[in-house]
Amino acid sequence: MDELARQLNMDPVELRLLNGIQTGQKKATGVTALDASGMRNTMKEAIALSGYDKRHELSREPAPHLRRGWGIASIMQGYLLGPKVVDDAYMGLEMHIDGSVTLRCGVVDYGQGSHTVLAQIAAETLGVSLDDVHVIRPDTDKTLEAGSACAARVTHICGHAVLRTAKPLIESLMKIAVDLTGANEYELALKNGQLFKDDQLTEYQMTDLVKGARAKRYLLSHTGYFSAEYPEGIFDETVFDNPCAFYTYATKIAQVLVDIETGELTVEKLTLVQDAGRILNPDGARGQSEGGTAMGFGYAVMEEIIVDQGRSKNNSLESYLIPTVKDVPEIITKFLDTQSDYGPYGGRAVSEGPVVPTAPAIANAVRDAVGVSINTIPVTAERLMEALDKKNKGV
């Protein structure tokens with residue numbers, strides 16, 4: 001996109017804003033875009049948040065040997081496994097006499113916080129506090145198949161499975177609530193284990209409802225199922241094989257400083273704005289955002305597998321470098337306040353969005369700073385000096 005902008009003598013942001021996909025527009029894959037306002041909105045917000053629009057107020061040459069530049073990259077990152085692959089999950093829920101809930105969850109949480117989000121969905125739907133939801137983690141004796149933790153699918157697929165599993169349980173509880181209060185169901189709500197009528201706290205607790213449901217043998221334990229559903233009319237006859245239909249949108253802007261005498265690259269700041277629908281767990285999402293940015297930063301500036309005749313020459317963390325906390329630059333993150341029509345409680349995938357645009361944003365910033373393109377990552381001092389040498393020689 002940046003090269004096209006240079007050929008057209010346009011600002012790269014302007015070109016992206018003109019061509020960013022919009023809701024209802026057909027993509028090259030033959031899929032009609034859903035919830036696509038985030039493409040342009042993340043660009044606009046990232047420009048303001050990063051100071052890109054005021055970049056001319058900063059010196060591009062803060063010292064004779066230093067050059068400063070800015071680069072942008074915007075993405076639409078697909079999630080789920082696609083319509084031609086079985087993408088489903090079973091979840092189990094059980095209400096206990098003390099008002100607590102057991103969630104049986106067969107999908108792996110390897111640190112991304114998915115079990116917390118699924119517990120939040122269960123708590124919100126059943127009207128209990130998060131502390132009252134106990135998650136039984138993947139165990140072939142105790143949990144059912146929920147698919148793999150890949151393709152940023154867990155919140156969407158497993159979250160919907162939790163919603164469907166909770167539905168008959170909340171119906172049982174609300175029947176008792178209606179019996180106890182004499183109110184209509186639409187007047188009642190369960191929050192944090194307490195029953196409210198017209199937003200006013202009643203004398204009844206979750207334990208009262210569970211006891212009543214048990215006495216009447218209403219359903220308080222259920223296994224639910226969800227399989228990926230795709231709205232009608234988004235695929236046409238030209239659709240590519242098994243295309244993505246759901247996307248999260250993100251824009252990243254990098255600010256860099258290049259030493260033209262040594263090739264040393266300093267990434268001064270990385271700004272990410274992401275549209276991931278309603279953020280169900282803000283702290284978890286921010287952790288994923290900052291962690292993904294750090295991962296993308298490592299890809300961009302230091303991580304490289306060197307292979308010689310099929311053998312890795314850097315087969316340990318001593319020779320394969322990854323960024324430490326001291327290496328990672330300033331990270332600014334913002335999530336747009338939006339609502340997806342398709343994800344559980346309006347959420348969309350977060351995880352891959354922060355990683356993908358990092359390296360191209362940094363590479364574009366390097367090109368802006370010194371006028372040479374580095375099309376191989378990582379952008380090392382050696383590659384920078386080689387490119388600068390060729391430029392100086394007119395090669």
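This is a conversation between a student and a tutor about helix packing and salt bridges in a predicted model.

Tutor: Welcome! The model is predicted, so local features need pLDDT of at least 70, side-chain atom pairs count only at pLDDT 80 or more, and totals for chains, interfaces and linings use all residues. Residues are numbered from 1 along each chain as its sequence is written, and side-chain values use heavy atoms, leaving out hydrogens and water.

Student: What makes α7 and α8 oblique to each other?

Tutor: Look at the angle: the axes of helix α7 (residues 282–301) and helix α8 (residues 358–370) cross at roughly 50 degrees and come within 8 Å. Axes are lines fitted to C-alpha atoms, for helices over the stretch in contact, and angles run from 0 to 180 degrees between N-to-C directions. Angles under 35 degrees count as roughly parallel, over 145 as roughly antiparallel, 65 to 115 as roughly perpendicular, and the rest as oblique. The value for α7 and α8 is in none of the named ranges, so the pair is oblique.

Student: Which residues of α7 and α8 meet?

Tutor: Thr293, Gly296, Phe297, Ala300 and Val301 of α7 meet Thr358, Ala359 and Ile362 of α8, where contact means heavy atoms within 4.5 Å. By class, the contact of α7 with α8 has five nonpolar, three polar and no charged residues. Here Ala, Val, Leu, Ile, Met, Phe, Trp, Tyr, Cys and Pro count as nonpolar, Asp, Glu, Lys and Arg as charged, and the others, Gly among them, as polar.

Student: Why is α4 called roughly parallel to α5?

Tutor: The axes of α4 and helix α5 (residues 154–181) cross at roughly 25 degrees and come within 9 Å. That angle falls under the parallel cut-off, so α4 is roughly parallel to α5. Many residues take part, including Ser114, Val117 and Leu118 of α4 and Val154, Thr155 and Cys158 of α5. The residues of this contact of α4 with α5 divide into 13 nonpolar, four polar and no charged.

Student: How do you know that Ser114 is buried?

Tutor: Buried means under 20% relative accessible area, exposed over 50%, and partly exposed in between (1.4 Å probe, protein chains only). Ser114 has a relative accessible area of 4%, so Ser114 is buried. This residue lies in helix α4 (residues 114–126). Leaving aside its neighbours within four places in sequence, Ser114 is in contact with Val108, Asp109 and Val154.

Student: Why does the pair Asp368 and Arg60 count as a salt bridge?

Tutor: A salt bridge is a side-chain nitrogen of Lys or Arg within 4 Å of a carboxyl oxygen of Asp or Glu. The closest N and O atoms of Asp368 and Arg60 are 2.9 Å apart, so the pair qualifies. The partners belong to distant parts of the chain, 308 residues apart: Asp368 in helix α8 and Arg60 in the loop between α3 (38–50) and β1 (66–79).

Student: What makes Asp368 partly exposed?

Tutor: Its relative accessible area is 32%, between the two cut-offs, so Asp368 is partly exposed. Arg60, with 30%, is partly exposed too.

Student: How many salt bridges are there by this rule?

Tutor: The count comes to 19 salt bridges. One of them joins Arg104 and Glu94, with the closest N and O atoms 3.7 Å apart. Arg104 is in strand β3 (residues 101–105) and Glu94 in strand β2 (residues 88–95). Another is between Arg383 and Glu304 (2.6 Å, N to O).

Key:
Helix = DSSP H or I, 4+ residues; strand = E, 2+ residues; numbered from the N terminus.
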